[in-house]
Amino acid sequence: MDQPTPHPAPRDPEARTVVCARCGTRSPDGAPLTWTCSMENGVRQYFCHDCARANIRAIEGRLDSSWW
């Protein structure tokens, strides 16, 4: 009860790199707060700020990214 919960370290430096599923923009420190995350067909996809802003209505309508 008094022991801290262990947090495993990432296996490799590329593990934290997130890539926009639409335009390919890379974020080396994980997804920034302005990025959008979507679960499509059981796969987590991230979209950068610019792609999310350009397609906000489709995202809010819960359309798959393949549609927009």
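C48 counts as buried in this predicted model, with 6% relative accessibility. The sulfur of C48 sits 3.6 Å from the closest cysteine sulfur, that of C51, and this is too far for a bond. In fact, the structure holds zero disulfides. C20 is likewise in no disulfide, its nearest cysteine sulfur being that of C23, 3.7 Å away. The points below go through the cysteines, the overall fold, a few residues worth a look, and the largest pocket.

**Cysteines**

- Why does C48 not form a bond with C51? A disulfide needs the two sulfur atoms within 2.5 Å, and the sulfur of C48 is 3.6 Å from that of C51, so the pair is too far apart.
- Is C20 buried or exposed? C20 is buried, because its relative accessible area is 3% and the cut-off for buried is under 20%.
- C37 belongs to strand 3, which covers residues 36-40.
- With a relative accessible area of 38%, C37 is partly exposed, whereas C48 is buried at 6%.
- Setting aside residues up to four places away in sequence, C37 touches R44, Q45 and Y46.
- C37 and A52 are 15 residues apart along the sequence, and their C-alpha atoms are 9.5 Å apart in space.

**Overall fold**

- The protein has two helices and four strands.
- Reading from the N terminus, the order of these elements is β-β-β-β-α-α.
- The protein has 68 residues, and 22% of them count as buried.
- About 5,800 Å² of the protein is exposed, and carbon and sulfur atoms supply 50% of that area.
- Among contacts with a separation of 6 or more, 26% come from residues 24 or more positions apart.

**Strand 2 and the loop after strand 3**

- S27 is located in strand 2, residues 26-27.
- Which residues does S27 touch, not counting those up to four places away in sequence? They are R16, T17, V18, P32 and W35.
- S27 counts as buried, with 9% relative accessibility.
- N41 is placed in the loop between strand 3 and strand 4, the latter spanning 43-47.
- Although N41 is not a glycine, it has a positive phi of about 55°.
- N41 counts as exposed because its relative accessibility is 75%, and exposed means over 50%.

**Y46 in strand 4**

- Y46 is part of strand 4.
- The relative accessible area of Y46 is 25%, which makes this tyrosine partly exposed.
- Beyond its neighbours within four places in sequence, Y46 is in contact with V18, V19, C20, A21, A31, W35, T36 and C37.
- Two of the cysteines described above, C20 and C37, are therefore among the contacts of Y46, given that contact means heavy atoms within 4.5 Å.
- Y46 and V19 are 27 residues apart in sequence, with a C-alpha to C-alpha distance of 6.8 Å.

**S65 after helix 2**

- S65 lies in the segment that follows helix 2 (56-60).
- At 14% relative accessibility, S65 is counted as buried.
- What does S65 contact, leaving aside neighbours within four places in sequence? S65 is in contact with R22, E40, Q45 and F47.
- The C-alpha atoms of S65 and S38 are separated by 8.8 Å, and these residues are 27 apart along the chain.

**Largest pocket**

- The volume of the largest pocket is about 180 Å³.
- Its lining is made of 11 residues, and those nearest the centre of the pocket are S38, E40, I59, R62 and L63.
- Which element gives the most to the lining of the largest pocket? Strand 3 does, with five residues.
- By residue type, the lining of the largest pocket has six nonpolar, two polar and three charged residues.
- E40 links two of these topics, as one of the residues nearest the pocket centre and as a contact of S65.

Technical notes: Residues are numbered from 1 along each chain as its sequence is written. This is a predicted model: local features need pLDDT of at least 70, side-chain atom pairs count only at pLDDT 80 or more; totals for chains, interfaces and linings use all residues. Side-chain values use heavy atoms; hydrogens and water are left out. Buried means under 20% relative accessible area, exposed over 50%, partly exposed in between (1.4 Å probe, protein chains only). On a 1 Å grid over the protein atoms alone, a cavity is a set of points where a 1.4 Å probe fits but cannot get out, and a pocket is an open set with protein on both sides within 12 Å along at least five of seven lines; lining residues have an atom within 4 Å of a point. Grid points are joined across faces, edges and corners, and a volume is the space filled by probe spheres set on the points. Ala, Val, Leu, Ile, Met, Phe, Trp, Tyr, Cys and Pro count as nonpolar, Asp, Glu, Lys and Arg as charged, and the others, Gly among them, as polar. Accessible areas come from the Shrake-Rupley method with a 1.4 Å probe; for residues, only the protein chains shown count as cover.
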